[in-house]
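User: I would like to learn how to read the features of a protein model. Could we go through one together?

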Amino acid sequence: MEETDREAVATAVQRVAGMLQRPDQLDKVEQYRRREARKKASVEARLKAAIQSQLDGVRTGLSQLHNALNDVKDIQQSLIDVNKDWRQSINTIENLKDVKDAVVQHSQLAAAVENLKNIFSVPEIVRETHDLIERGELLQAHRKLMDLECSRDDLMYEQYRMDSKNTHDMNLIHTYFGDMQKLSEELAKQLWMVVQRSLVTVRRDPTLLVSVVRIIDREEKIDRRMLDRKKQTGFIPPGRPKKWKEKMFNILDRTVSTRIEGTQADTRESDKMWLVRHLEIIRKYVLDDLLVAKTLLDQCFPPNYDIFNKLLNMYHQALSTRMQELAAEDLEANEIVSLLTWVLNTYKSTEMMGNSELSPEVDVNSLDALISQNVVDQLLSKYMSTLTSNIIGWLRKALETDKKDWIKETEPEADQDGYYQTTLPAIVFQMFEQNLQVAAQINEDLKTKVLLLCLQQMNSFLTRYKDEAQLYKEEHLKNRQYPQCYVQYMIAVINNCQTFKESIISLKRKYLKLEMEDTLSSSHASMDATLDIIAKEGCSSLLDEVFMDLEPHLNELMTKKWLMGCNAVGTICVTVEDYFNDFSKIKKPYKKTMTIEAHRRVVVEYIRAIMLKRISFKNAEERKEGAERMIREAEQFRFLFKKLAAGSGEDTEGLCGIIEAIAEVIKLTDPSLLYLEVSTLVSKYPDIRDDHIAALLTVRGDASRDMKQTIIETLDQGPSQPNPNYVPIFKEITVPTLTVPKLLK
């Protein structure tokens with residue numbers, strides 16, 4: 001208490017100190033005192049009220065405890081009195097045992113009397129019930145069967161109550177009612193037949209199905225009643241519980257499984273589309289059955305049977321089992337696609353479980369997968385492996401077929417723009433397209449994998465295509481008369497390269513996501529490079545064909561015959577133009593390359609003819625005549641290639657200008673200016689070598705050995721400033737080396 005008093009005093013001092021911190025607060029001391037007095041009075045009043053309330057509660061509790069004690073004493077006295085009365089009546093109860101036995105016997109006799117009529121009429125009722133079952137009047141038959149079972153069960157129960165160990169009498173009753181069990185089995189057989197055909201019956205005769213359901217429901221109620229009595233008495237009639245509701249669902253489950261399995265009408269041997277047909281029949285049957293179950297069957301069953309959801313689960317489980325069985329078979333690639341497309345897409349689509357007429361009872365998002373992801377992955381892996389082998393085989397077969405076309409005696413077909421082509425690109429990319437469309441039906445990931453596979457195999461295929469085109473050329477060179485349409489088919493091969501390029505771009509644009517472009521950039525570049533090589537080699541082989549025909553005429557250039565006026569260049573131009581009439585069937589990117597290369601090779605061959613020193617002009621008149629002829633022929637070449645390159649933007653001036661520049665050196669009449677003219681030539685064409693200059697001076701015919709040596713040595717000392725746009729041409733031209741040492745001596 002002292003500690004509490006000290007704390008109270010300290011608190012009071014602190015409060016007073018807080019109130020009197022300033023001098024002007026001393027005037028309010030009386031006001032503070034009255035306020036604290038009121039607070040103190042209020043607190044004391046609340047304390048008194050609380051204490052009084054507690055005292056009243058304690059008083060009431062004590063009063064109730066006192067009353068309870070008195071009640072307990074009264075009950076104790078009553079129990080003592082009851083115990084005395086019970087002990088006094090034990091002998092009396094034992095004397096009433098005979099009365100008890102009489103009551104039990106009376107009860108049994110009463111039950112026997114009550115069922116006496118039924119007992120005597122059992123054979124007749126059995127016959128009537130049998131007739132009703134045969135006529136299909138199942139409700140009436142079940143009513144009579146229930147009456148028979150009720151009579152038997154009551155008799156057996158009374159016998160059980162009287163003497164549960166008397167099996168003889170129990171067997172006697174059971175035997176007497178033995179035909180009733182056969183009736184029950186016969187009725188059940190009829191019920192299960194209706195249940196098996198419930199989806200058909202509900203459309204034709206829903207009343208019959210309702211009757212069957214009512215019978216099953218009655219039996220369920222009887223089962224529950226018998227089980228409840230067994231808990232109380234230990235007795236249950238033979239054959240109970242029948243569990244007809246459970247049997248009904250088992251039969252429905254087996255019926256669903258059989259219906260799913262029975263939809264396979266064909267095998268792979270009899271029909272390649274057996275799986276597609278099988279899955280389509282399943283889809284149609286399941287959708288029709290569930291629609292009937294929702295709209296008709298559900299109305300024939302009590303709500304607690306939840307028949308639609310039960311059937312939905314049965315169909316789902318049966319489908320899952322069937323799909324797993326199919327997945328375990330040795331399926332081909334197209335069959336794997338059909339199965340996965342059906343399982344992953346069709347099953348939950350609007351064509352089946354997602355059908356609007358099944359909503360909202362069927363939620364496709366809550367349906368489990370028909371086959372596990374592991375099985376799906378295994379099937380996809382097998383599909384990719386099989387597809388890889390198939391694509392390799394298809395590409396090889398397509399190339400072999402195309403090669404057979406190359407040796408035909410008829411020209412290849414032309415497209416709508418008149419360009420030669422073969423069917424190879426169309427066949428290859430149609431095959432790719434079909435496989436990609438199929439893969440897209442399953443999912444985006446598989447579509448991307450198939451596209452990558454197609455492009456990968458395309459890369460390998462193009463390498464084989466290049467090798468076959470090279471072999472085609474080599475075989476032709478062995479006998480240029482065979483095959484007859486070599487030029488046309490080589491043009492088609494070149495055009496195919498452009499078609500392949502366009503088709504690859506189109507395929508990627510259609511089936512490849514933008515974010516995947518980078519992963520294929522190197523592969524695409526590799527394919528483009530291979531196609532360019534094929535086209536370039538094809539163009540080169542065609543030009544080889546041209547120049548093999550031109551060889552006799554090229555050999556006439558810069559000879560005495562040429563100087564005397566032979567028309568070798570005219571023949572060359574006509575031959576080139578004739579070939580280029582066929583080359584017009586080459587598509588533009590490669591046609592332009594072809595024209596440029598032909599132009600360059602003609603000029604190179606012309607200059608090579610000069611450098612071969614087939615002629616040495618004897619005098620200024622011959623040099624003038626030869627030079628003017630060279631200029632005219634350069635103009636012929638310029639006109640020819642300008643005509644062939646019309647619209648292509650090719651520079652037809654520069655190459656022919658080399659011939660004219662050489663002609664100017666030959667035409668020069670003043671030998672003292674020869675160095676200046678040659679140096680001008682070298683400055684324009686810096687790749688010209690000493691042996692070229694020596695050969696050119698030899699063709700002029702008037703330059704001495706010392707002059708040649710001086711010009712060459714002087715040119716070697718001079719600075720060379722080549723034109724950055726100049727494409728070297730002299731480096732391809734070799735000069736016979738036998739005369740070079742003599743010229744330089």
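**Reading the model**

Analyst: Start with one residue: Cys454 has 0% relative accessibility and so counts as buried; buried means under 20% relative accessible area, exposed over 50%, and partly exposed in between, with a 1.4 Å probe and protein chains only. This is a predicted model, in which local features need pLDDT of at least 70, side-chain atom pairs count only at pLDDT 80 or more, and totals for chains, interfaces and linings use all residues. Residues are numbered from 1 along each chain as its sequence is written, and side-chain values use heavy atoms, with hydrogens and water left out.

User: How many disulfides does the structure hold?

Analyst: A disulfide is a covalent bond between the sulfur atoms of two cysteines. Here the test is a pair of cysteine sulfur atoms within 2.5 Å, and the structure holds zero. Take Cys656: the closest cysteine sulfur, in Cys573, is 9.1 Å from its own, too far for a bond. Cys656 is buried, at 0% relative accessibility.

User: Cys573 lies in which helix, and which residues of that helix are buried?

Analyst: An α-helix has 3.6 residues a turn, so residues three or four places apart point the same way. Helices (H or I, at least four residues) and strands (E, at least two) are DSSP runs, numbered from the N terminus. Cys573 is one of the buried residues of α21, together with Ala568, Val569, Gly570, Ile572, Thr575, Val576, Tyr579, Phe580 and Phe583. Helix α21 (residues 568-583) has 16 residues and spans 22 Å from first C-alpha to last, close to the expected 22 Å, which is 1.5 Å times one less than the number of residues.

User: How do α17 and α18 run relative to each other, parallel or antiparallel?

Analyst: Axes are lines fitted to C-alpha atoms, for helices over the stretch in contact, and angles run from 0 to 180 degrees between N-to-C directions. The axes of α17 (residues 444-478) and α18 (residues 486-511) come within 12 Å and cross at roughly 170°. That makes the two roughly antiparallel (over 145 degrees; under 35 is roughly parallel, 65 to 115 roughly perpendicular, the rest oblique). Contact means heavy atoms within 4.5 Å; among the residues that meet are Leu451 and Phe461 in α17 and Val493 and Phe500 in α18.

User: What does the whole chain look like in helices and strands?

Analyst: The protein chain has 28 helices and zero strands. Of its 745 residues, 42% count as buried.
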